[in-house]
Amino acid sequence: MCPAFSTGTPSPTSLDHIPVLLTEVIEALAPKDGGVYLDGTFGAGGYTTAILETAPCVAWCIDRDPEALQRGEALAARFPDRVNFVQGRFGDMAELLSARGITGVDGVALDLGVSSMQIEDRARGFSFLRDGPLDMRMEKSGRSAADVVNTLSEKELADIIFTYGEERHARRVARAIVEARSDRPFSRTLHLADVIRARVRRSQDGIDPATRTFQALRIYVNDELGELERGLIGAEKLLRPGGILAVVAFHSLEDRIVKTFLKARSGAAIRPSRHTPASLGAAPATATFTPLTRRPIDASEAEIARNPRARSARLRVAARTDAPMLTAVVGGAA
Ligand SMILES: C[S@@+](CC[C@H](N)C(=O)[O-])C[C@H]1O[C@@H](n2cnc3c(N)ncnc32)[C@H](O)[C@@H]1O
């Protein structure tokens, strides 16, 4: 926890999530008296707590994980009438908030990926280091990682592992999965991790061979990149003129989406690519965002020493202009 924002909450345990780039995100949002802020990835509430401590404003908190929002009770007691919780996806932020009478906000923060609590809880099945059900569903509903590895074709698995895990041995891993599941379907995390480790050697940097495949499955199971695309468009809908968008990404796939979106929406020409969905790469007649970070902000060495998870974090910030959204995008969003 950043010393600048004393939370008054119990000191962190090993399972607690330490907010990444907290000072930078709060400086970017610059919460003001009477402002309305959306934390689209509530997690352990680190950003929301700091927002509420910084100014007498109102926070709306979204998380797709029902367990995350249960942690909000203490915050609600500490800031009565100033904090509101919504279980759902940030890709639906505009609809979720407008259903509650909120059609404009002064800031949107997104801190992508999973929290430490989710990774550390073996029952959630995100970790290749602890045995647990091969689940990985943030929402605890829908298709699990076990469903995916047990039913998709070898080619589909290879594509997912290559695209979302950036695993150059994707085909080898997919073949190993398909062979192993014909003996015994996957239901446990360590079964999958062991099958991958038997086929792919540990790289020289010491990264566990299961890392990339687990990342790929998590992104696929939770449609994380689709959510990000819808979330950015949702923020464009919700933010008032001058409102701030702050997004913390943890890998290049996410950061590329944020970068492309902000570039296009600030009026820069985008080279068409099959990876760029039309709704993201489209440039409005007048810019809808002004980027406030030319380059993404990284964590300081001191923060990385305190919290190694911050190593890959990249923050991009932009301010909403008063230009209307593209009509085609408005209709096609979320
Ligand atoms: C990295 S943690 C956020 C930590 C938070 N900033 C804090 O300071 O405690 C990410 C959280 O976002 C949630 N999440 C991820 N994708 C989401 C989505 N599309 N919609 C809503 N919540 C999402 C996860 O369930 C997780 O609780």
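**Exercise 1. Is Phe-42 buried or exposed, at what relative accessibility?**

Before solving, note that this is a predicted model in which local features need pLDDT of at least 70 and side-chain atom pairs count only at pLDDT 80 or more, while totals for chains, interfaces and linings use all residues. Residues are numbered from 1 along each chain as its sequence is written, and side-chain values use heavy atoms, with hydrogens and water left out.

*Solution.* Step one is to place the residue: Phe-42 sits in the loop between β1 (36-39) and α2 (46-54), where helices (H or I, at least four residues) and strands (E, at least two) are DSSP runs numbered from the N terminus. Step two is to apply the cut-offs, by which buried means under 20% relative accessible area, exposed over 50%, and partly exposed in between, with a 1.4 Å probe and protein chains only. Because its relative accessibility is 2%, Phe-42 counts as buried. Step three is to list neighbours: leaving aside residues up to four places away in sequence, Phe-42 touches residues including Cys-61, Ile-62, Leu-69, Leu-75 and Phe-85, a contact being heavy atoms within 4.5 Å.

**Exercise 2. Check the span of helix α12 (residues 224-238) against its expected value.**

*Solution.* The expected span is 1.5 Å times one less than the number of residues. The 15 residues of α12 should therefore span 21 Å, and the end C-alpha atoms, 20 Å apart, agree with this. As for covering, 13 of the 15 residues of α12 are buried.

**Exercise 3. Describe how domain 1 and domain 2 meet.**

*Solution.* Begin with the bounds, which come from an automatic or database domain assignment: domain 1 is 22-117 + 226-332, and domain 2 is 140-221. Their C-alpha centres lie 30 Å apart, and the contact takes 8 residues from domain 1 and 7 residues from domain 2.

Next, consider area, since the size of an interface is often given as the accessible area lost when the parts come together. Buried area here is that loss (1.4 Å probe) summed over both parts, and the two domains bury about 580 Å² between them, with 53% of it on carbon and sulfur atoms. On the side of domain 1, Val-114, His-251 and Leu-253 supply 57% of the area buried against domain 2, more than any other three residues.

Finally, look for charged pairs, using the rule that a salt bridge is a side-chain nitrogen of Lys or Arg within 4 Å of a carboxyl oxygen of Asp or Glu. The rule finds 1 salt bridge across the interface. The side chains of Lys-140 and Glu-67 form a salt bridge, at 2.4 Å from N to O.
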